[in-house]
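Reader: Before I look at any energies or set up any calculation, I would like one part of this model examined closely, with the cut-off behind each term stated. Please begin with the overall surface and then work inwards to the part you choose.

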Amino acid sequence: MVGSAFRRVAHVCVYLVRKASSVSRGHQHPALGSRPAASGFTAQGAPGGVLELLGQSYPQDDYSNLSRKVLSSVGRNLHNQQYHPLWLIKERVKEHFYKQYVGRFGTPLFSVFDNFSPVVTTWQNFDSLLIPADHPSRKKGDNYYLNQTYMLRAHTSAHQWDLLHAGLDAFLVVGDVYRRDQIDSQHYPVFHQLEGVRLFSKHELFAGVKDGESLQFFEQSSRSAHKQETHTMEAVKLVEFDLKQTLTRLVTHLFGDDLDIRWVDCYFPFTHPSFEMEIHFHGEWLEVLGCGVMEQQLVNSAGAQDRIGWAFGLGLERLAMILYDIPDIRLFWSEDERFLKQFRVSDISQKVTFQVHHHSTSMQELLLFPSSASANTFPNPWTHHAQQHSY
């Protein structure tokens, strides 16, 4: 029985690697791993030209707007570079979920995917997440388009629908995401996100509730600030409780037990109700992630009509800058050993405080792009704005 279960899991994982790393049905894209080739490419795109990226060819059109600098970041995979600070954060989150949440056969409940191609379709990045066609987050000035159909993902949520459709109930997705952004100490057009999703069956959600078998998952009512029109209040409150408990455990694992946490109501197109978590750290309140109860329409469209679930997303740079006292987001792209060697630790949970040794090193020396700026600005990726399309 256990053997057959492992075979089923292996089959699903093989299917997912094939499906979710592709950007459309039947169109395979290799996993990241090498620097892109950009032959025949100009900075703002040339209609009629062809962009070669990660082993695939993309015809350019009036939407094409990738710069060489952004292209040079595709394939770097900082989150998979051993002992990089972003890798350390990713591994700490993975370890926590592996230890805390175990499936029926003693295997991790959450599957982890950290090597999907960042090239997705606009359908994956927007439509699958119920983002309207006229939503301002689709603007060419806010995203990096290969052409009208393909783009560099603006959030790891772009893989949500594919993974749900493949039958997964619990997963984490980690990857590089791209948004046109001004460049300064807190903003960079490439950063890294970690996405989490969990679905529940009626039995799973109500198992620990007295007389839970008599409770209902779904109803037809009206949408309110507290729930969707298709969810019962009992189901929503249990999902919300599990979500907040899961994320509270995660941040206390990262920051320590003596941590003040508060939840702020907010809006995302693909969850309702939606929340941001803020932590009180070093004397100030910091927003660290967004989350919510998944829109049932999204869940239903992916073929999981009998489930209800939650989702969250966080920025790895945001957590690393807070935890390791890294003052400038551009440092993550530095290849200077004076920066990188500080994170070569024997234990991934080891406390690290980044230091610039001023007598031998200046911050400008360590920065890969010390003073460049983009003409296009985009809101801080970790701070909620009404037009923002990611957690």
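Author: The accessible surface of the protein chain comes to about 16700 Å², and carbon and sulfur atoms account for 51% of that area; accessible areas here follow the Shrake-Rupley method with a 1.4 Å probe, and for residues only the protein chains shown count as cover. The model is a predicted one, in which local features need pLDDT of at least 70 and side-chain atom pairs count only at pLDDT 80 or more, whereas totals for chains, interfaces and linings use all residues. Residues are numbered from 1 along each chain as its sequence is written, and side-chain values use heavy atoms, with hydrogens and water left out.

Of the 391 residues in the protein chain, 55% are buried, a word that stands for under 20% relative accessible area, while exposed stands for over 50% and partly exposed for the range in between, with a 1.4 Å probe and protein chains only. The chain has eleven helices and eleven strands, both taken as DSSP runs numbered from the N terminus (helices are H or I with at least four residues, strands are E with at least two). Among contacts with a separation of 6 or more, 65% join residues 24 or more positions apart, where contact means heavy atoms within 4.5 Å.

The part chosen for the close look is the sheet, together with what lies against it. The sheet is open and has seven strands in the order β3-β6-β7-β11-β10-β9-β8, with mixed pairing; two strands are taken to pair if DSSP finds at least two bridges between them. Because β3 (111–113) and β8 (260–268) stand at the edges with a single partner strand each, one side of each is left without a neighbour in the sheet. On average, and with direction ignored, neighbouring strands of this sheet are turned by 25° against each other. Within it, β7 (residues 190–200) and β11 (residues 308–315) run antiparallel and are joined by eight bridges, with E195 standing opposite G313 in β11.

Across this sheet lies helix α7 (residues 233–255), which spans β7, β8, β9 (271–281), β10 (284–294) and β11 and runs at about 30° to β11; that angle is taken between N-to-C directions on a scale from 0 to 180 degrees, with axes fitted to C-alpha atoms and, for helices, over the stretch in contact. F217 sits in the loop between α6 (202–206) and α7, and it counts as buried because its relative accessible area is 4%. Its C-alpha atom is 7.7 Å from that of E234, although the two are 17 residues apart along the chain. Leaving aside neighbours within four places in sequence, the contacts of F217 include F200, T230, A235 and I308. Helix α7 also enters the picture through H96 of α3 (residues 85–100), which is buried at 5% relative accessibility; not counting residues up to four places away, H96 touches Y101, R249, L250 and H253.

The largest nonpolar core has 77 residues, and those with the most contacts inside it are L53, L152 and F255; such a core is a set of buried Ala, Val, Leu, Ile, Met, Phe, Trp, Tyr and Cys residues joined through side-chain atoms within 4.5 Å. Helix α7 gives the largest share of this core, nine residues. A second, separate core of 26 residues includes L129, A158, V197 and L298.

A158 lies in the loop between β5 (150–152) and α5 (160–165) and is buried at 1% relative accessibility. Beyond four places in sequence, A158 is in contact with V120, Q124, N125, L129 and R153, and its C-alpha atom is 9.2 Å from that of P118, 40 residues away in sequence.

In helix α9 (residues 316–324), nine of nine residues are buried, among them E317, R318 and Y324, and just after this helix D325 takes a positive phi of about 60°.

Finally, a search of the whole structure finds zero disulfides, a disulfide being a pair of cysteine sulfur atoms within 2.5 Å. For C266, the closest cysteine sulfur is that of C291, at 7.3 Å, which is too far for a bond. Both cysteines count as buried, C266 at 18% relative accessibility and C291 with a relative accessible area of 0%.
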